[in-house]
Amino acid sequence: MGDVDKVLDALKVHIKKEIVDNFFADRVYVEEDTELLGQEVQDYAKGMAGLGRRFMALYQALGAKDACAGMMAVLKLDPWPFYPEYGNLSGREQLELLQDIRRRGLTAFRRFRNLIFDLYERLQQESVTLHEAYAKIQTHLRLLNEDIHKFNLSYDFGLIAAQMEALDGGREECMTGGLLAPEREELSTRMRFKRQKLTEEQLPPPPVLPPLTEIQRKLESLIERIYLPGVCCS
């Protein structure tokens, strides 16, 4: 073997190694990014669970279904978020929703008013945080699917096999081991990444809640209407 042949063989090995290295590097990147998306979805689900508990605490503080209906009318929310879950709680579990909530005010009415305001402010802030996380996940999902599409186009198994065979003078067995066309296609399909999807059940959008300053007058009026004997507890 002459010097030129040795150089060509070394170059072929380098090219094949680069193809394989790039393939595995890009594959690992997509796999890790997919795992990261999954973690973001899990974190979002925990945030939604926390939001749900905050809604249920608000329902418990309001006390009566009519009061809850008035609150949801002010917020223009229908169906009521997490209300079925609230209804499934035992009486003891419902009471526990407010056990760690600090009450402020010198009179029963002021304590009630401040309780509703405090719960809503925290609820609205958590909703804003979840909307930001929701948008981030949607963007991440779109970019990941773009990378998946690019990977599947760049690393088609049939194309890689043809490149390897061309480098080795068309000897098919060097890359594929004599695989038939259907077997090649099956392997190529298995090597591709599937496009990622998130259903509304997996990623439910958080409810849109206006800042307290936008609804404070309506909420004040509602609190005055519902704070009557037998409607809410002091």
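Is Glu 126 buried, exposed or partly exposed? I looked it up and found Glu 126 partly exposed, at 24% relative accessibility. One thing to keep in mind throughout: this is a predicted model.

**Entry 1: the partner of Glu 126**

I followed Glu 126 to Arg 54, and the two form a salt bridge. Their closest N and O atoms are 2.8 Å apart. I checked where each one sits. Arg 54 is in helix H1, residues 3–62, and Glu 126 is in helix H5. The two residues are 72 apart along the chain, so I noted this as a pair that links distant parts of it. Arg 54 counts as buried, at 15% relative accessibility. The cut-off for buried is under 20%, which means that the 24% of Glu 126 falls outside it.

**Entry 2: other salt bridges**

How many salt bridges does the structure hold? I found six. I reminded myself that side chains of opposite charge can pair when their charged atoms come close.

I then looked at Arg 104 and Asp 118. They form a salt bridge, with the closest N and O atoms 2.9 Å apart. Arg 104 lies in the loop between helix H4 (91–96) and H5, while Asp 118 lies in helix H5. They are 14 residues apart. Arg 104 counts as partly exposed, at 32% relative accessibility.

My next pair was Glu 220 and Arg 113. Their side chains meet in a salt bridge at 2.6 Å, N to O. This pair also links distant parts of the chain: Glu 220 is in helix H9, Arg 113 is in helix H5, and 107 residues separate them. I checked burial for the two, and both Glu 220 and Arg 113 are buried.

**Entry 3: helix H9**

Glu 220 took me to its helix. H9 covers residues 212–226. What would a straight helix of 15 residues span, at 1.5 Å a residue? I noted 21 Å for the straight case. H9 spans only 18 Å between its end C-alpha atoms. I looked for a bend and found one of about 40° at Lys 218. I also listed the buried residues of H9. They are Leu 212, Ile 215, Leu 219, Glu 220, Leu 222, Ile 223 and Ile 226. Glu 220, the salt-bridge partner of Arg 113, is on that list.

**Entry 4: two residues inside H5**

Helix H5 kept coming up, and I picked two of its residues. H5 runs over residues 108–154, and Asn 114 is in it. Is Asn 114 buried or exposed? Asn 114 is buried, with a relative accessible area of 7%. I set aside residues up to four places away in sequence and looked for contacts. Asn 114 touches Arg 104 and Gly 105. Arg 104 is also the salt-bridge partner of Asp 118.

Ile 148 is in helix H5 too. Ile 148 counts as buried, at 3% relative accessibility. Which residues does Ile 148 contact, leaving aside its neighbours within four places in sequence? I found Val 30, Phe 193, Lys 194, Arg 195 and Gln 196. I also checked the C-alpha atoms of Ile 148 and Val 30. They are separated by 7.0 Å, although the residues are 118 apart along the chain.

**Entry 5: the loop between H2 and H3**

I turned to the loop between helix H2 (65–75) and helix H3 (83–87), where Pro 79 lies. The peptide bond from Asp 78 to Pro 79 is cis, with omega near 5°.

Lys 76 is in this loop as well. Lys 76 has a positive phi of about 60° although it is not a glycine. Its side of the picture is open: Lys 76 is exposed, with a relative accessible area of 72%.

Phe 82 is another residue of the loop between H2 and H3. Phe 82 has a positive phi of about 65°, and it is not a glycine either.

**Entry 6: confidence**

Last, I checked how sure the predictor was. The protein averages a pLDDT of 83, and 74% of the residues score at least 70. Where is confidence lowest, and where is it highest? Helix H7, residues 173–176, is lowest at a mean of 46, and H3 is highest at 96. Over residues 171–176 the pLDDT is below 50. That stretch has 18 contacts in the model beyond near neighbours in sequence. I noted a further stretch, residues 229–234, where pLDDT stays under 50. For residues 229–234 the model has ten contacts beyond four places in sequence.

Key:
Residues are numbered from 1 along each chain as its sequence is written. This is a predicted model: local features need pLDDT of at least 70, side-chain atom pairs count only at pLDDT 80 or more; totals for chains, interfaces and linings use all residues. Side-chain values use heavy atoms; hydrogens and water are left out. Helices (H or I, at least four residues) and strands (E, at least two) are DSSP runs, numbered from the N terminus. The expected span of a helix is 1.5 Å times one less than its number of residues. The bend at a residue is the angle between axes fitted to the seven residues ending there and the seven starting there. Buried means under 20% relative accessible area, exposed over 50%, partly exposed in between (1.4 Å probe, protein chains only). Contact means heavy atoms within 4.5 Å. pLDDT is the predictor's confidence in each residue, from 0 to 100. A salt bridge is a side-chain nitrogen of Lys or Arg within 4 Å of a carboxyl oxygen of Asp or Glu.
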